[in-house]
Amino acid sequence: MSSTAGQVIRCKAAVAWEAGKPLVIEEVEVAPPQVMEVRLKILFTSLCHTDVYFWEAKGQTPLFPRIFGHEAGGIVESVGEGVTDLQPGDHVLPVFTGECKECRHCKSEESNMCDLLRINTDRGVMLSDNKSRFSINGKPVYHFVGTSTFSEYTVVHVGCVAKINPAAPLDKVCVLSCGISTGLGATLNVAKPSKGSSIAIFGLGAVGLAAAEGARIAGAARIIGIDLNPKRFNDAKKFGVTEFLNPKDHDKPIQEVIAEMTGGGVDRSVECTGNVNAMISAFECVHDGWGVAVLVGVPNKDDSFKTHPVNLLNERTLKGTFFGNYKPRSDLPSVVEKYMNKELEVEKFITHEVPFAEINKAFEYMLSGDGLRCIIRMDCVCVMRSDFVETREARPFLHKGRNKERLVTVVKIERRTSLKMSGTAGQVIRCKAAVAWEAGKPLVIEEVEVAPPQAMEVRLKILFTSLCHTDVYFWEAKGQTPLFPRIFGHEAGGIVESVGEGVTDLQPGDHVLPVFTGECKDCRHCKSEESNMCDLLRINTDRGVMLNDNKSRFSINGKPIYHFVGTSTFSEYTVVHVGCVAKINPAAPLDKVCVLSCGISTGLGATLNVARPWKGSSVAIFGLGAVGLAAAEGARIAGAARIIGIDLNPKRFNEAKKFGVTEFVNPKDHDKPVQEVIAEMTGGGVDRSVECTGNVNAMISAFECVHDGWGVAVLVGVPNKDDSFKTHPVNLLNERTLKGTFFGNYKPRSDLPSVVEKYMNKELEVEKFITHEVPFAEINKAFEYMLQGDGLRCIIRMDP
């Protein structure tokens with residue numbers, strides 16, 4: 001095709017002159033490619049719903065006349081100045097989004113949202129000179145998403161062209177340049193289901209079926225298709241769908257139906273409809289602990305995604321994807337190879353063919369909901385074919401394969417490596433405990449009886465404990481069901497006094513941290529590498545008795561005293577389920593590491609285990625109480641270059657500097673949303689954010705302040721029960737990730753010992769969190785410190 005290089009080419013194109021009116025086959029002039037552009041001969045193209053959406057121009061700014069089309073396959077006719085990695089004759093797929101290979105997104109392993117070549121549906125001209133390469137009698141015709149493949153020839157930026165294996169049949173693989181790859185990648189690259197897992201696919205159009213195809217390739221055992229059209233199930237079976245649900249057939253939300261079907265929810269879900277209610281269902285139907293929901297469908301501009309934040313704090317992940325997270329030039333060749341290797345069955349998607357002259361039939365098929373992809377032969381999924389398709393050149397091909405501050409009263413006493421307490425095993429122990437008799441009233445030091453541990457229980461001697469905001473919250477009992485008399489406390493360090501029947505991995509004398517949540521090691525959550533939300537021992541703030549027999553181990557004159565979150569460490573002795581006890585290095589000072597059994601580990605793990613910032617990255621921390629400062633400490637340990645603290649109390653910045661915080665933002669100092677302030681400070685947003693306040697507006701800000709393409713926001717704070725998290729779904733589709741964490745994703749028995757070792761190895765500076773110490777007899781001072789907002793953690797010494 002060298003004879004046409006540098007010249008204007010006259011050819012046929014299907015021109016849309018008005019919104020919603022049939023396309024007209026016209027003779028158009030196609031100018032030569034300019035700098036970093038490529039002119040392509042289109043051999044086959046297909047019609048995608050996005051073409052129809054902008055052709056109808058409902059709710060869109062109309063831009064006509066225009067040449068639509070963006071799923072296609074063709075051959076390079078000529079190249080413009082600066083193009084070095086393509087040459088005439090190369091077989092290629094033009095793509096609606098690009099990869100410049102130079103911007104921050106392209107250089108990131110986490111993003112494919114090129115700054116230069118990201119999809120722009122309002123731009124009808126080329127980037128280099130803001131002019132069109134199409135004209136009719138000298139009058140310009142607008143481009144569409146930089147591809148305009150409803151033309152025998154088109155001009156595309158080189159960054160939007162993927163070179164593929166010349167042996168790949170273009171009348172098949174042309175469908176891979178948009179919807180099919182989007183759905184496939186949403187599953188394989190983002191949802192990442194494991195072999196034998198369960199996945200729900202919302203919407204069984206072409207993109208949804210491609211998502212199902214990805215689940216089939218990944219080896220998912222249950223692929224549940226959800227659609228309002230029952231006729232789609234038969235087709236869906238070809239793509240691996242094993243079960244079908246029509247929401248209209250049920251009198252309850254579809255997410256509840258799915259949870260009942262699957263014993264708590266599916267492992268993964270992919271939403272491919274663009275309907276915001278489907279998006280919410282897709283998120284709420286995944287299993288807590290490890291469930292991941294991926295949003296693909298494009299929503300209406302006024303839609304708002306809403307869910308209760310607890311759905312995130314229960315360790316579900318919400319992600320969005322753009323073009324299946326594929327980088328067009330780098331990754332599409334390997335998708336083509338999946339087809340060539342018979343891993344991916346593209347033919348199933350192609351249900352019609354039409355010649356180019358009958359392109360409007362393709363629109364009819366799509367508008368009637370008849371079929372999936374129509375290949376339009378530049379002569380019909382509708383694929384367009386050209387006579388040139390029969391000529392193939394054999395050429396070598398290479399491809400790349402609501403937490404606030406917590407007081408800890410630490411009392412320094414001589415640490416002992418072991419205590420001989422065998423003389424009390426099996427007997428009732430009388431000791432001192434701080435009993436809450438009424439909501440909000442000072443605790444009273446009482447003599448209590450502590451019964452021996454029963455099966456799978458451990459009785460502990462508490463040496464040090466500290467006060468956490470959760471204790472105060474339930475002691476105040478505002479909005480909570482009051483459960484009194486009760487012994488609070490859950491951040492502590494102690495020594496095993498005796499063990500009950502069945503306990504084999506702890507013995508008297510072991511140094512331990514009791515934890516408000518547990519790890520039974522036998523349930524599905526405990527066996528999962530993704531979850532720490534044990535089915536048996538997950539935190540229960542309403543339970544005031546032990547699991548074994550639904551009785552309390554505490555009493556005064558024979559009358560029971562309720563437990564709190566299974567720990568009740570405001571007592572010299574307490575009984576705890578073995579699954580809620582972490583055995584630690586006996587050399588670790590309990591008056592320091594006791595603070596690791598709740599808030600500090602929660603914040604630390606939120607950063608290190610969930611947000612995972614890299615060296616040199618930027619992190620925003622919302623709320624600079626103890627948990628937020630622990631999150632900042634995690635960012636410091638990870639090597640983050642910028643740690644931005646956000647808080648309404650300007651006095652906190654000085655304290656925060658000790659934890660690595662480099663900059664401070666007070667939302668009250670600005671007349672715009674704080675997420676906009678952060679975006680301006682950081683050139684588009686931070687790489688990671690961690691929200692530690694429990695304020696739903698802070699949660700929204702934390703999410704919306706992360707950078708598109710790779711930004712991850714992690715929610716830690718516990719919200720009010722009536723709160724609703726709201727954001728526009730596009731904030732997710734721009735490849736931001738929203739995660740929640742529970743106890744920093746640490747499994748108590750398995751992981752807490754290593755957190756203690758971080759302290760022992762001087763990686764983690766625990767002493768910075770300890771601002772007060774009080775003896776047990778003065779425990780109410782710890783409450784005063786916390787209620788006044790004075791300090792972080794107050795260590796309470798259990799006077800032996």
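**Exercise 1.** Work out which residues of α1 meet α11, and how the two helices are oriented.

*Solution.* Start with contacts, meaning heavy atoms within 4.5 Å: His49, Val52, Trp55 and Glu56 in α1 touch Phe363, Met366 and Leu367 in α11. Sort them by class: five are nonpolar, one is polar and one is charged. (Ala, Val, Leu, Ile, Met, Phe, Trp, Tyr, Cys and Pro count as nonpolar, Asp, Glu, Lys and Arg as charged, the others, Gly among them, as polar.) Next, take the axes, lines fitted to C-alpha atoms over the stretch in contact, with angles from 0 to 180 degrees between N-to-C directions. Those of α1 (residues 49-56) and α11 (residues 359-367) come within 11 Å and cross at roughly 100 degrees. That makes the pair roughly perpendicular, a label for 65 to 115 degrees.

A note on the input: this is a predicted model, where local features need pLDDT of at least 70, side-chain atom pairs count only at pLDDT 80 or more, and totals for chains, interfaces and linings use all residues. Residues are numbered from 1 along each chain as its sequence is written, and side-chain values use heavy atoms, leaving out hydrogens and water.

**Exercise 2.** Find how many disulfides there are, and check Cys272 and Cys594.

*Solution.* Apply the cut-off, a pair of cysteine sulfur atoms within 2.5 Å: the count is zero. For Cys272, the nearest cysteine sulfur, in Cys285, is 12 Å away. Cys272 is buried (under 20% relative accessible area), at 16%. For Cys594, the closest cysteine sulfur belongs to Cys794 and lies 10 Å off, too far for a bond. Cys594 is buried too, at 0%.

Key: Helices (H or I, at least four residues) and strands (E, at least two) are DSSP runs, numbered from the N terminus. Angles under 35 degrees count as roughly parallel, over 145 as roughly antiparallel, 65 to 115 as roughly perpendicular and the rest as oblique. Buried means under 20% relative accessible area, exposed over 50%, partly exposed in between (1.4 Å probe, protein chains only).
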